[in-house]
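Got your viewer open? Let's take a short walk through this model, one selection at a time.

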Amino acid sequence: LAPALTLGYMLRNALLRGLATIFDRNDTMTAYINGNYIYHLLLATVVTPLLFLLVYLPGATQIIIGVIAGLTALTFVLRFLRGCKLFLTFSKGFSFFLFYYLCTVELIPLLVALKWIISQ
């Protein structure tokens with residue numbers, strides 16, 4: 001599963017860089033991708049100790065999983081809001097393309113993954 005997630009993450013970043021090149025927004029996209037790396041590293045730093053607790057405290061499994069899911073959701077929302085702010089700050093008349101970007105790269109894959117997880 002980890003290689004597939006890594007490949008998906010790399011393909012997503014390649015798609016973002018491609019869109020940035022097409023719409024001439026390389027500086028904005030670089031800031032966005034670097035911000036995403038920071039959010040992912042911060043989340044990994046916080047979640048790793050929780051995973052150790054998950055292994056060594058079997059009685060608190062549901063609570064720890066809930067905390068991890070909540071932190072992941074909070075990170076996603078913060079990253080999404082920061083991305084919107086970044087694109088709206090650095091863009092002039094770019095709102096239409098921002099809508100397409102958000103639907104194509106952020107929201108639709110999340111909805112497809114959610115549907116897949118629910119149907120399993």
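Start by selecting α4, the helix that gives the most to the lining of the largest pocket: 9 residues. Keep in mind that you're looking at a predicted model.

Now add the other helices. α1 (2-22), α2 (26-56), α3 (61-90) and α4 (95-119) each supply at least two residues of that lining. Want to find the middle of the pocket? Select L5, Y9, H40, R79 and L110, which lie nearest its centre among the 30 lining residues. The pocket's volume is about 1,200 Å³. Try colouring the lining by class: you'll get 20 nonpolar, 7 polar and 3 charged residues.

Next stop: hide everything except α2 and α3. How do two packed helices get described? By the angle between their axes and the distance between the axes. Here, α2 and α3 pack at about 170°, and their axes are 10 Å apart. Since angles over 145 degrees count as roughly antiparallel, that makes α2 roughly antiparallel to α3. Colour the contact of α2 with α3 by class too, and you'll see 20 nonpolar, 8 polar and 2 charged residues.

Finally, show the whole chain again. It has 4 helices and 0 strands, so to speak an α-α-α-α pattern when you read along the sequence. The C-alpha atoms fill a box of roughly 55 × 30 × 25 Å along the principal axes. Of the 120 residues in the chain, 24% are buried. And if you look at contacts with a separation of 6 or more, 62% of them are between residues 24 or more positions apart.

Definitions and conventions: Residues are numbered from 1 along each chain as its sequence is written. This is a predicted model: local features need pLDDT of at least 70, side-chain atom pairs count only at pLDDT 80 or more; totals for chains, interfaces and linings use all residues. Side-chain values use heavy atoms; hydrogens and water are left out. On a 1 Å grid over the protein atoms alone, a cavity is a set of points where a 1.4 Å probe fits but cannot get out, and a pocket is an open set with protein on both sides within 12 Å along at least five of seven lines; lining residues have an atom within 4 Å of a point. Grid points are joined across faces, edges and corners, and a volume is the space filled by probe spheres set on the points. Ala, Val, Leu, Ile, Met, Phe, Trp, Tyr, Cys and Pro count as nonpolar, Asp, Glu, Lys and Arg as charged, and the others, Gly among them, as polar. Axes are lines fitted to C-alpha atoms, for helices over the stretch in contact, and angles run from 0 to 180 degrees between N-to-C directions. Angles under 35 degrees count as roughly parallel, over 145 as roughly antiparallel, 65 to 115 as roughly perpendicular and the rest as oblique. Buried means under 20% relative accessible area, exposed over 50%, partly exposed in between (1.4 Å probe, protein chains only). Contact means heavy atoms within 4.5 Å.
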